[in-house]
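This briefing covers the strand pairing, the packing and the pocket of one protein chain. The topics follow as grouped points.

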Amino acid sequence: MIWTIAILTVGLGQSQTNEKLEVSGNVEIQTSKKISKKDRSNVVVWLTPFDSTATEPLRSNSPPRLIQKNKKFEPHVLVVPAGTAVEFPNEDPIFHNVFSLFEGKRFDLGLYEAGTTRTVHFDHPGVSYIFCNIHPEMSAAVLALKTPYYALTKSDGVLRLQNIPPGRYRVQVWYEGSSPDVLKKLNRDITISLENSDLGRLEVLEDSPVQNHKNKYGRDYDTRTSQPGAYGPN
């Protein structure tokens, strides 16, 4: 059995305008043999202020999107503030049926064709695991957070949390394949300031590897739905 560990080292950048700071870090994913993995993407770290008045809403010119393309969701992990409406455009030349029945936001968008879009309002915090009822290879996760202070690693493992006001925060981490019990142990309280910016070393154990999922009816997928002509060109 292979264990995965994410090691996070965090530092603090120069003070920004109005006392806003940049918290930066680097994630290294290693096997039990201490061999670093090249792809260190999709680790989410967020800071929730103890003083709720310190939280500022994020403003975006366009809604976030979870695109269906080449029978994949892009991106694989999407992070949004709770209360955000997310678009699910179908850019494949086939039908899709996006659904989520696990934790987070439960929904079923039904069959919809190429060139059309459905929208889901993620109105409360949580993790929503997203699938397609036709194509079992399609999966994604949407994290709805009650804070705008978060970062998502890319393949290089670099983290940058922008515009963080000094103060006390709860640090939390999410990593696909880690159980809630493992992630809960990583919760800690910190004070962000020019003098104290070190989150220390965070080790995330992959104790719940991603497994095959059922369709929206709780049954195994019908392989015939992946055959050409079942729901348009495949």
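Strand 3 (residues 43-49) and strand 15 (residues 167-175) run antiparallel and are joined by seven bridges. Within this pairing, Trp46 has Gln172 of strand 15 as its bridge partner. The model is predicted; it holds one helix and 17 strands. Of its 234 residues, 43% count as buried.

**The four-strand sheet**

- Strands 3 and 15 belong to an open sheet of four strands, in the order 13-3-15-16, and the pairing is antiparallel.
- The edges are strand 13 (149-152) and strand 16 (188-192); each has a single partner strand, so one side of each is left without a neighbour in the sheet.
- On average, neighbouring strands of this sheet are turned by 25 degrees against each other, direction ignored.

**The five-strand sheet**

- A further open sheet has five strands in the order 6-12-11-8-9, and its pairing is mixed.
- Strand 6 and strand 9 stand at the edges of that sheet with a single partner strand each, so each has one side without a neighbour in the sheet.
- From one strand to the next, the twist averages 20 degrees.
- Four bridges connect strand 8 (residues 96-100) with strand 9 (residues 107-112) in the antiparallel sense.
- Across this pair, Phe99 stands opposite Asp108, and Asn97 has Leu111 as its bridge partner.

**The hairpin of strands 8 and 9**

- Six residues lie between the two strands of the hairpin, and Glu103 there takes a positive phi near 55 degrees.
- Arg106 also sits in the loop between strand 8 and strand 9.
- Is Arg106 buried or exposed? Arg106 is exposed, because its relative accessible area of 56% is over the 50% cut-off.
- Leaving aside neighbours within four places in sequence, Arg106 is in contact with Ser100 and Leu101.
- The C-alpha atoms of Arg106 and Tyr129 are separated by 9.2 Å, and the two residues are 23 residues apart along the chain.

**Tyr129 and the largest pocket**

- Tyr129 lies in strand 11 (residues 126-132).
- At a relative accessible area of 22%, Tyr129 is partly exposed.
- Its contacts, apart from neighbours within four places in sequence, are Phe99, Ser100, Phe102, Glu103, Ala140, Ala141 and Trp174.
- Ala140 is eleven residues from Tyr129 along the chain, with 6.0 Å between the C-alpha atoms.
- The largest pocket has a volume of about 1,000 Å³.
- Which of the 39 lining residues are the closest to the centre of the largest pocket? They are Glu103, Val127, Tyr129, Trp174 and Glu176.
- Strand 3, strand 11, strand 12, strand 15 and helix 1 (180-184) each give two or more residues to the lining of the largest pocket.

**Nonpolar cores**

- The largest nonpolar core has 30 residues, and Leu47, Leu143, Ile164 and Trp174 have the most contacts inside it.
- Elements giving two or more residues to this core include strand 2 (21-30), strand 12 (139-145) and strand 14 (158-164).
- Both edge strands of the four-strand sheet, strand 13 and strand 16, are also among those elements.
- For Ile164, neighbours within four places in sequence aside, the contacts are Glu19, Lys20, Leu21, Val23, Leu47, Tyr149, Tyr169 and Ile192.
- Another core, of 19 residues, lies apart from the largest one; Phe73, Leu109, Ile130 and Ile134 are among its members.
- Across the protein, 62% of the contacts with a separation of 6 or more are between residues 24 or more positions apart.

**Backbone details**

- The peptide bond from Glu74 to Pro75 is cis, with omega near 0 degrees.
- Pro75 is in the loop between strand 5 (72-74) and strand 6.
- Lys71 has a positive phi near 55 degrees and is a residue other than glycine.
- The loop between strand 4 (67-69) and strand 5 holds Lys71, which counts as partly exposed at 24% relative accessibility.
- Asn163, not a glycine, has a positive phi of about 55 degrees.
- Asn163 is placed in strand 14 and counts as partly exposed at 43% relative accessibility.

Notes:
Residues are numbered from 1 along each chain as its sequence is written. This is a predicted model: local features need pLDDT of at least 70, side-chain atom pairs count only at pLDDT 80 or more; totals for chains, interfaces and linings use all residues. Side-chain values use heavy atoms; hydrogens and water are left out. Buried means under 20% relative accessible area, exposed over 50%, partly exposed in between (1.4 Å probe, protein chains only). Contact means heavy atoms within 4.5 Å. Two strands pair if DSSP finds at least two bridges between them. Axes are lines fitted to C-alpha atoms, for helices over the stretch in contact, and angles run from 0 to 180 degrees between N-to-C directions. A nonpolar core is a set of buried Ala, Val, Leu, Ile, Met, Phe, Trp, Tyr and Cys residues joined through side-chain atoms within 4.5 Å. On a 1 Å grid over the protein atoms alone, a cavity is a set of points where a 1.4 Å probe fits but cannot get out, and a pocket is an open set with protein on both sides within 12 Å along at least five of seven lines; lining residues have an atom within 4 Å of a point. Grid points are joined across faces, edges and corners, and a volume is the space filled by probe spheres set on the points.
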